[in-house]
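Please open the model in a viewer and follow the stops below in order. Each stop names a selection and then states what is found there.

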Amino acid sequence: MTTHWILGPGAIGRLLAHSLSPIAATTLVGRRALPAWQMLTTPEGEQRVVPLNSLTIAHLASNTPESPAFVHITTKAMVAESALAGITDCISPATPLVLWQNGFLAQPRITQAWPGPVLCATTTEGAYLTGDDGVVHAGSGHTFVGDLHNQHGALAEELAQTLTQAGLAATKVCDIRQRLWQKLAVNAAINPLVALNGVRNGELRGEAYAGRMVAVVKEVAAIMLAEGIAPPNDGNGEGAWLALVWQVVENTANNKASMLQDVEAKRPTERGAILEPLVGSAQRHGLACEVLKGLDDEMAELEASF
């Protein structure tokens with residue numbers, strides 16, 4: 001039976017564990033112990049309580065088991081590298097990693113640094129935690145899997161098939177970099193504004209916020225062009241990016257974005273993974289990014305107040 005370690009038992013991590021555990025040997029790995037019995041609430045409202053295997057990083061260090069077939073890193077982007085460093089001595093350097101982070105910060109860094117295969121996943125599965133022993137699968141989505149240099153297609157196909165078998169629809173793709181940048185563009189247009197203003201996604205359609213969101217998309221569209229990222233849905237230029245963002249706002253109108261959840265919980269946000277790659281790209285290409293920099297500065301000030 002294939003062995004999967006899931007480093008970072010947050011919402012996506014626990015959803016993965018629940019989904020994979022019937023078909024694979026699955027272990028949640030975190031800084032602290034979790035209750036052995038964990039509850040999953042399905043999108044249909046069904047509740048399932050099952051035992052999930054979990055280990056602390058400290059336990060791994062003192063009782064190193066056999067290296068797994070896959071290590072899924074499901075932590076926040078800003079701690080992905082340090083989380084990996086915490087288990088490096090416990091796994092083979094040839095172990096395939098799967099990165100589930102938002103933004104485009106951890107993916108290129110870990111791909112460059114890790115000697116083994118590194119796959120990247122981007123998903124629209126919705127999940128949130130209900131304490132130490134529960135996760136709600138809020139909505140089914142789709143996951144795309146690939147690697148930044150298209151060197152591990154067979155491995156990506158194997159993982160996509162495994163995830164699909166586990167009930168999480170997945171597809172192996174050759175353009176994961178494009179898909180990560182597209183998701184980054186949408187996150188940059190939505191997350192900081194809802195976090196700063198304490199509103200749900202749909203409220204961005206209002207007069208108070210729409211103008212600034214359009215200004216963000218204008219800068220983002222220019223950055224995407226410079227990065228060679230094609231506009232979404234076979235569209236053209238700024239209009240295609242704006243249409244995508246508005247569609248996501250419409251589809252997720254009642255959602256409380258992850259950055260807003262972080263702000264409400266007074267914990268660090270993923271601004272460094274979402275805004276800083278865009279600002280850095282704009283500066284490399286000599287493009288204007290005053291709106292993005294302004295959002296980053298405001299988010300940094302807000303986090304400093306926690």
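The tour passes from the sheets to the helices that lie across one of them, then to an aromatic pair and two helix contacts.

**Stop 1: the eight-stranded sheet**

The model is predicted. Begin by selecting the open sheet of eight strands, whose order is β5-β2-β1-β6-β7-β8-β11-β12. The pairing within this sheet is mixed. Which strands form its edges? They are β5 (53-56) and β12 (170-172), each of which pairs on one side only. From one strand to the next, the twist of this sheet averages 25°.

Within the sheet, select strand β6 (residues 70-73) together with β7. These two strands run parallel and are joined by three bridges. To locate one of the residue pairings, display His72, whose bridge partner in β7 is Val98.

**Stop 2: helices across the sheet**

Next, add helix α1 (residues 11-20) to the view. Helix α1 lies across β1 (3-7), β2 (25-30), β6 and β8 (118-123). Relative to β2, helix α1 runs at about 160°.

Then select helix α5 (residues 153-165). Which strands does helix α5 lie across? They are β1, β6, β7, β8, β11 (143-146) and β12, and the helix runs at about 170° to β12. Strands β1, β6 and β8 are thus crossed by α1 and also by α5.

**Stop 3: the four-stranded sheet**

Now move to the open sheet of four strands, ordered β4-β3-β10-β9 and also of mixed pairing. Its edge strands are β4 and β9 (126-129), each pairing on one side only. The strand-to-strand twist averages 25° here.

Select strand β3 (residues 37-41) and strand β4 (residues 47-51). They run antiparallel and are joined by five bridges. Leu40 has Arg48 as its bridge partner in β4, and Gln38 stands opposite Val50. The two strands form a hairpin with five residues between them. In the turn, display Gly45, which has a positive phi of about 95°.

While β4 is selected, centre on Val49, which belongs to this strand. Leaving aside residues up to four places away in sequence, Val49 touches Trp37, Gln38 and Met39. For a sense of scale, draw a distance from the C-alpha atom of Val49 to that of Glu303: the separation is 36 Å, for residues 254 apart along the chain.

Returning to β3, extend the selection to strand β10 (residues 134-139). In contrast to the antiparallel hairpin, β3 and β10 pair in the parallel sense, over three bridges. Thr41 finds its bridge partner in β10 at Val136.

**Stop 4: the aromatic pair**

How many aromatic pairs are counted in the model? The count comes to one. Select Phe104 and Trp181, whose rings form a tilted pair, 5.2 Å centre to centre with 40° between the planes. Phe104 is in the loop between β7 (97-99) and α4 (106-113), whereas Trp181 is in helix α6 (residues 176-197). The pair links distant parts of the chain, its members being 77 residues apart.

**Stop 5: helices α7 and α8**

Proceed to helix α7 (residues 207-227) and helix α8 (residues 237-251). Their axes come within 9 Å and cross at roughly 130°, and the two helices are therefore oblique to each other. The crossing is right-handed. On the α7 side, show Ala210, Met213, Val214, Val217, Lys218, Ala221 and Met224. On the α8 side, show Glu238, Trp241, Leu242, Val245, Trp246 and Val249. By class, this contact has eleven nonpolar, no polar and two charged residues.

**Stop 6: helices α11 and α12**

Finally, select helix α11 (residues 276-284) and helix α12 (residues 290-304). They pack at an angle of about 145°, and their axes are 10 Å apart. Is this crossing left-handed or right-handed? The crossing of α11 and α12 is left-handed. From α11, display Glu276, Leu278, Val279 and Gln283, which meet Leu292, Lys293 and Asp296 of α12. The residues of this contact divide into three nonpolar, one polar and three charged.

Technical notes
Residues are numbered from 1 along each chain as its sequence is written. This is a predicted model: local features need pLDDT of at least 70, side-chain atom pairs count only at pLDDT 80 or more; totals for chains, interfaces and linings use all residues. Side-chain values use heavy atoms; hydrogens and water are left out. Axes are lines fitted to C-alpha atoms, for helices over the stretch in contact, and angles run from 0 to 180 degrees between N-to-C directions. A crossing is left-handed if the near helix is turned anticlockwise from the far one by less than a right angle, and right-handed if clockwise. Contact means heavy atoms within 4.5 Å. Ala, Val, Leu, Ile, Met, Phe, Trp, Tyr, Cys and Pro count as nonpolar, Asp, Glu, Lys and Arg as charged, and the others, Gly among them, as polar. Angles under 35 degrees count as roughly parallel, over 145 as roughly antiparallel, 65 to 115 as roughly perpendicular and the rest as oblique. Two strands pair if DSSP finds at least two bridges between them. Rings of Phe, Tyr and Trp (its six-membered ring) pair if their centres lie within 6.5 Å; planes under 30 degrees apart count as stacked, over 60 as edge-to-face and the rest as tilted.
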